[in-house]
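This briefing addresses the structure shown below. It covers the contact between the chains, their symmetry and one helix.

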There are 2 protein chains.
Amino acid sequence: MTAAEQGPTAGRTGLSRRALLGGGLLGAAAVGAAVGAGVTRATADEPAAPPAPGTYPFTGEHQAGIVTPAQDRLYLAAFDVTTKDREDLVALLQRWTTIAARLTQGQGAGPFGPASGPYDAPPDDTGEALDLPPAGLTITFGFGRSLFVTADGTDRFGLADRLPDALVELPHFPADNLDPARSDGDLVVQACADDPQVAVHAIRNLSRAAFGAATIRWTQLGYGRTSSTSTAQRTPRNLFGFKDGTANLKVEERSAVDEHVWVPAAAAQADSHDSAWLTGGTYLVARRIRMTIETWDRTSLREQEALVGRTKGEGAPLSGGTEFTEPDFAVTGRDDQPLVALNSHVRLAHPTQNDGVRMLRRGYNFTDGNDALGRLDAGLFFLAFVTDPRTHYIPMQNRLSRDDGLMEYLQHTGSGLFAVPPGVPDGSLVLGSDGTPITTAHSPFVGEALLA
Amino acid sequence: MTAAEQGPTAGRTGLSRRALLGGGLLGAAAVGAAVGAGVTRATADEPAAPPAPGTYPFTGEHQAGIVTPAQDRLYLAAFDVTTKDREDLVALLQRWTTIAARLTQGQGAGPFGPASGPYDAPPDDTGEALDLPPAGLTITFGFGRSLFVTADGTDRFGLADRLPDALVELPHFPADNLDPARSDGDLVVQACADDPQVAVHAIRNLSRAAFGAATIRWTQLGYGRTSSTSTAQRTPRNLFGFKDGTANLKVEERSAVDEHVWVPAAAAQADSHDSAWLTGGTYLVARRIRMTIETWDRTSLREQEALVGRTKGEGAPLSGGTEFTEPDFAVTGRDDQPLVALNSHVRLAHPTQNDGVRMLRRGYNFTDGNDALGRLDAGLFFLAFVTDPRTHYIPMQNRLSRDDGLMEYLQHTGSGLFAVPPGVPDGSLVLGSDGTPITTAHSPFVGEALLA
């Protein structure tokens with residue numbers, strides 16, 4: 001056991017994470033070990049302490065960060081796997097699982113060494129979140145199609161026979177202008193938190209733990225969640241200045257979430273490959289949608305509202321009522337034209353116009369500086385979790401790309417589709433003597449059913 | 001008077017900003033006009049309401065956003081002036097002043113039109129902050145050297161004889177790797193707030209109001225302020241994982257702020273040009289400092305602490321004590337080497353090593369995605385306000401660039417120096433009938449003493 005593994009627990013007990021680092025590793029008195037929510041104790045049997053405020057369990061039937069009420073900030077990274085060795089991939093996922101379990105409970109990324117004493121090795125944790133609370137951090141992992149089979153058909157890790165039918169190559173949608181450097185990836189990690197520094201810290205430490213096995217392909221920072229995912233949340237606004245996600249699937253709608261988000265066992269039975277590993281998981285659709293802000297800002301309020309199909313202030317459908325009034329697509333006004341225009345976003349995206357399918361949207365606004373003409377590179381980083389992208393995303397996006405009047409002000413510049421496996425079961429993580437998760441050759445990991 | 005100018009006041013009275021937009025412009029009942037803090041009423045004489053929580057006065061002897069306790073988020077934009085007409089420049093600064101006064105008080109950017117009715121013109125405000133509180137927003141304006149005289153000596157706006165001697169071209173420092181597209185600019189606008197969406201909204205609406213007069217040259221988003229500027233604030237951490245700004249000038253140190261931040265009247269007397277317009281102002285040094293995160297993360301804790309000169313956990317100087325213990329540069333350890341190394345950052349940056357000069361640092365961490373090799377493009381966006389960059393920045397930066405061991409892990413990739421004029425006097429803004437600031441041909445503006 002290394003010195004680091006003997007260190008005190010941080011975070012959830014009200015201790016600063018600092019105790020995990022530097023002098024604290026050796027110098028601080030050991031305190032009663034506490035265990036993160038959803039993590040059971042392997043070496044002691046006191047009851048686990050209740051989770052700290054702003055702490056979500058890491059383990060469970062499903063991964064966190066999906067039905068978790070959307071936090072305010074996002075940092076998402078897609079990775080290319082650089083190793084050709086399946087064992088290295090497994091080891092990476094083991095390390096990631098342990099680190100994610102620790103970070104989400106407010107602990108540092110360690111213990112991972114240092115093997116030769118704390119001062120003559122890099123610190124276990126990079127440190128910039130040492131004094132910060134867990135801030136509602138969730139970390140969610142997913143697998144891209146290229147992990148299973150490359151574009152030229154190579155089966156890199158012996159996973160081709162596990163490729164779910166629904167993990168398709170997304171079609172080219174009208175008006176797509178995708179940058180390959182902002183698209184796809186073998187692995188994806190979504191970190192959401194109420195403090196961007198906590199989310200960035202998480203991705204940085206996971207990226208660090210990927211050294212030699214995977215490298216970052218692209219990343220996206222987001223702020224101002226653009227969808228409510230809970231009835232307890234106020235509807236936020238996107239950078240068009242409109243409320244976004246009024247009709248979003250809410251986590252309180254349990255049966256709708258079951259129907260539209262999670263992959264059912266029946267999907268595996270119908271699959272041409274062995275995709276049972278994904279039962280209880282979901283699919284993540286990620287689309288970087290740049291808005292032509294400057295053009296939009298010169299558009300009249302009448303035009304803006306007509307394109308969206310809702311009022312800008314209240315967010316009420318143009319057919320009348322208040323924000324949560326259902327749009328009436330039949331009611332007409334002058335010249336017998338529908339009040340909610342045929343090419344309006346709210347009409348084209350509405351479940352009644354899309355065979356009843358719904359998505360759990362969990363997107364964020366982004367602002368990535370400006371282009372050479374001084375125009376903001378800003379927009380909506382669309383994230384949605386769906387049970388099957390073939391039924392729950394592609395048809396609607398084809399319709400929107402073709403007919404939505406808003407598309408004149410939108411450009412899809414990045415894209416990814418990822419299979420998100422179910423969670424790591426409660427009580428399965430391997431814990432060190434201090435009660436916090438550690439990595440061993442037998443550590444469970446996110447996606448274990450795929451790679452086992 | 002336009003319809004918009006007759007609209008109700010929003011924000012500070014507890015009304016949503018929404019009332020300023022769309023149907024609210026015409027539909028909402030007028031409410032008792034309220035006036036932003038620091039803004040006096042021209043058309044009514046009730047006492048101004050107290051400022052809402054998280055609202056800082058816009059007007060005053062100095063601009064806000066300097067000694068204001070550092071907010072958590074930054075969006076900063078540098079602009080190129082595109083007009084050649086001095087009158088257009090004045091009009092831009094008038095519009096910016098009014099908009100900034102409104103936004104910082106939680107109001108929308110309007111009233112600026114719409115001239116032909118609210119529905120058939122673009123909305124006064126872009127809308128994405130409609131439901132958000134003021135969030136401590138401050139907006140701070142500055143002027144780059146190129147506004148006074150271009151590199152080839154052109155006097156663009158008849159301002160060459162107003163160029164302060166201290167508004168120099170910064171020298172090339174050792175290890176600079178500046179990107180012109182991230183450097184300089186005729187104008188700078190610093191928006192700080194506790195909510196990034198509020199800061200982005202501010203820059204966007206100011207940028208919109210610059211149409212035809214100026215365009216964005218570069219922008220920088222920042223989070224996790226890297227300096228405390230008040231004794232009431234906890235010392236934050238930079239992306240090296242170390243506490244940053246422990247010894248920063250604090251706003252409570254009034255006489256030190258007077259000495260090291262504000263431009264005294266004596267400066268104008270000694271100036272070779274007429275720079276009296278800047279008395280009571282300051283200089284803003286902006287440096288985008290990329291950190292080679294991945295290399296740093298593989299460095300031993302011993303090495304990291306030696307380079308910084310402080311412990312990573314507590315932030316105490318290596319000469320002993322706790323975070324706020326003054327470093328003892330004389331005390332030695334093994335081999336008679338000083339415990340705080342000669343090339344340590346804390347030693348080289350310390351006032352005692354820099355003729356006693358101090359800076360009001362107000363920087364932020366940044367993460368701008370990743371480069372083609374998957375390395376984080378992240379670091380510290382250094383912002384400092386100083387009374388004279390020739391005494392308070394350049395000598396120290398020369399020393400740091402040459403000798404600081406940390407420089408191995410740093411690269412300066414962007415740079416700007418701006419003269420920050422004093423504030424718009426309390427009570428000077430022109431107010432509409434609803435008591436909120438409006439722009440007229442006689443509006444006062446930030447920098448009026450320069451351009452009048």
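**Interface, symmetry and a helix**

Across the interface of chain B and chain A, 6 salt bridges are found by the rule. The model is a predicted one. Chain B can be superposed on chain A with an RMSD of 0.0 Å.

**Polar and ionic contacts**
- One salt bridge joins the side chains of B:D297 and A:R204, at 2.8 Å from N to O.
- Between chain B and chain A, 22 residue pairs are in polar contact, both residues being at pLDDT 80 or more.
- On the side of chain B that touches chain A, at least two residues each come from β1 (73-81), α4 (196-209), β4 (214-223), α7 (293-296), α8 (301-308) and β7 (364-370).
- β4(B) gives the largest share of that side, 6 residues.

**Extent of the interface**
- Chain B and chain A each bring 60 residues to the contact.
- About 4,900 Å² is buried between chain B and chain A, and carbon and sulfur atoms give 53% of this area.

**Symmetry**
- The superposition of chain B on chain A takes a turn of 180° and a shift of 0.0 Å along the axis, which is the relation of a two-fold axis.
- The same surface serves both copies, as 100% of the contact residues of chain B recur in chain A.
- B:D368 is the residue of chain B that comes closest to the rotation axis, with its C-alpha at 3.6 Å.

**Helix α2 of chain B**
- Of the 19 residues of α2(B), 14 are buried, so the helix is largely enclosed by the rest of the structure.
- At the start of α2(B), a side-chain oxygen of B:D85 lies within 2.7 Å of the backbone nitrogen of B:E87.
- Just after α2(B), B:G106 adopts a positive phi of about 85°.

Methods: Residues are numbered from 1 along each chain as its sequence is written. Chains are lettered from A and ligands numbered from 1 in the order in which they are written. This is a predicted model: local features need pLDDT of at least 70, side-chain atom pairs count only at pLDDT 80 or more; totals for chains, interfaces and linings use all residues. Side-chain values use heavy atoms; hydrogens and water are left out. Buried means under 20% relative accessible area, exposed over 50%, partly exposed in between (1.4 Å probe, protein chains only). Helices (H or I, at least four residues) and strands (E, at least two) are DSSP runs, numbered from the N terminus. A polar contact is a pair of N or O atoms within 3.5 Å; within protein, one must be able to donate a hydrogen and the other to accept it, and residues adjacent in sequence count only if both atoms are side-chain atoms. Copies are superposed by least squares on the C-alpha atoms of residues with pLDDT of at least 70 in both. Contact means heavy atoms within 4.5 Å. Buried area is the accessible area (1.4 Å probe) that two parts lose on being put together, summed over both. A salt bridge is a side-chain nitrogen of Lys or Arg within 4 Å of a carboxyl oxygen of Asp or Glu.
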